[in-house]
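User: Could you take a close look at one part of this model for me, the second largest pocket? I'd like to know what lines it, and then hear about the nonpolar patch on the surface too.

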Amino acid sequence: MSIWEYANPKKFLRTSERVLPALWVAAGACIVGGLIWGFFFTPDDYRQGSTVKIIYLHVPAALMAINAWFMMLVASLIWVIRRHHVSALAAKAAAPVGVVMTLIALITGAIWGQPMWGTWWAWDPRLTSFLVLFLFYLGYIALWEAIDNPDTAADLTSILCLVGSVFAVLSRYAVNFWNQGLHQGASLSLDKEENVADVFAFPLYACMAGFGLLFVALVLYRTGTEIRARRMSALIARERMMDA
């Protein structure tokens, strides 16, 4: 079986309809379980107090905000190279999910940062690159909406996605690129000195898995919606031509 079989809209819809119920349940179980575990059954941090528990929303959301853009990049490149419409629609479907994840990360980061830094926002290079990524998300969505021809829109948004990937990389690895600034180091690291303690890490892993499964489920669902909307538009256009 080849992955390219799922470029067929019918095949994609049949498969997504089969796996979506399991994805919704798994995502809900991981997120709810991880949040309850993290907020109610982990101790306060010796430096940050109970504020540290924002990590269970902030880190998974930030991770998915960045990875969503990388998924859009891969889907866009598949469109440019192979002209598979499902990949272009998948990239389009992922953008609103990514922008919500980015917004959650920015808001929870501000809430977390205020008691730690004494300010809601700082023009830290890491924070700034994430804000620029958020603006790229908005521009990507606006570009899709501004162009009537779907193939042209897919071409131009693919170029925008390629350019925006620079800031996705900066957002993902900014903790490693810059040591200065207010933002803390990486929460998850191979370095035991930097990595979050196990008591916080295990519920965090559950939340991360839940956010990842939720992202996949939302993208599959929204891609199916985009495919059906494209079919409906084609049918309406055909009926108008016949009436004319």
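**The second largest pocket and a surface patch**

Analyst: Let's start with the lining: H6 supplies the largest share of it in the second largest pocket, with five residues. Keep in mind that this is a predicted model. H6 spans 198–243, and the other elements that each put two or more residues into this lining are helix H1 (9–40), helix H2 (55–82) and helix H3 (85–117). In total, 21 residues line the pocket. If you want to find its centre on screen, go to Ile3, Tyr6, Phe12, Val86 and Ala90, the lining residues that lie nearest to it. The space inside comes to about 540 Å³. As for chemistry, you'll find 16 nonpolar and five polar residues in the lining, and no charged ones.

Now for the patch. Val32, Ile36, Trp37, Phe39, Phe40, Phe41, Phe202 and Tyr205 make up a nonpolar patch on the surface, and together they offer about 860 Å² of accessible area. H1 and H6 turn up again here, as the elements that give two or more residues to the patch. This time H1 has the largest share, with five residues. One of the patch members to click on is Val32, which sits in helix H1. Why does Val32 count as partly exposed? Its relative accessible area is 49%, and partly exposed covers the range between under 20% (buried) and over 50% (exposed), so Val32 falls in that middle class. Joining a patch takes over 30% relative accessible area, and Val32 has 49%.

How values were computed:
Residues are numbered from 1 along each chain as its sequence is written. This is a predicted model: local features need pLDDT of at least 70, side-chain atom pairs count only at pLDDT 80 or more; totals for chains, interfaces and linings use all residues. Side-chain values use heavy atoms; hydrogens and water are left out. On a 1 Å grid over the protein atoms alone, a cavity is a set of points where a 1.4 Å probe fits but cannot get out, and a pocket is an open set with protein on both sides within 12 Å along at least five of seven lines; lining residues have an atom within 4 Å of a point. Grid points are joined across faces, edges and corners, and a volume is the space filled by probe spheres set on the points. Helices (H or I, at least four residues) and strands (E, at least two) are DSSP runs, numbered from the N terminus. Ala, Val, Leu, Ile, Met, Phe, Trp, Tyr, Cys and Pro count as nonpolar, Asp, Glu, Lys and Arg as charged, and the others, Gly among them, as polar. Patches are made of residues with over 30% relative accessible area and no salt bridge: like charges are joined within 9 Å, nonpolar side chains (Val, Leu, Ile, Met, Phe, Trp, Tyr) within 5 Å. Accessible areas come from the Shrake-Rupley method with a 1.4 Å probe; for residues, only the protein chains shown count as cover. A salt bridge is a side-chain nitrogen of Lys or Arg within 4 Å of a carboxyl oxygen of Asp or Glu. Buried means under 20% relative accessible area, exposed over 50%, partly exposed in between (1.4 Å probe, protein chains only).
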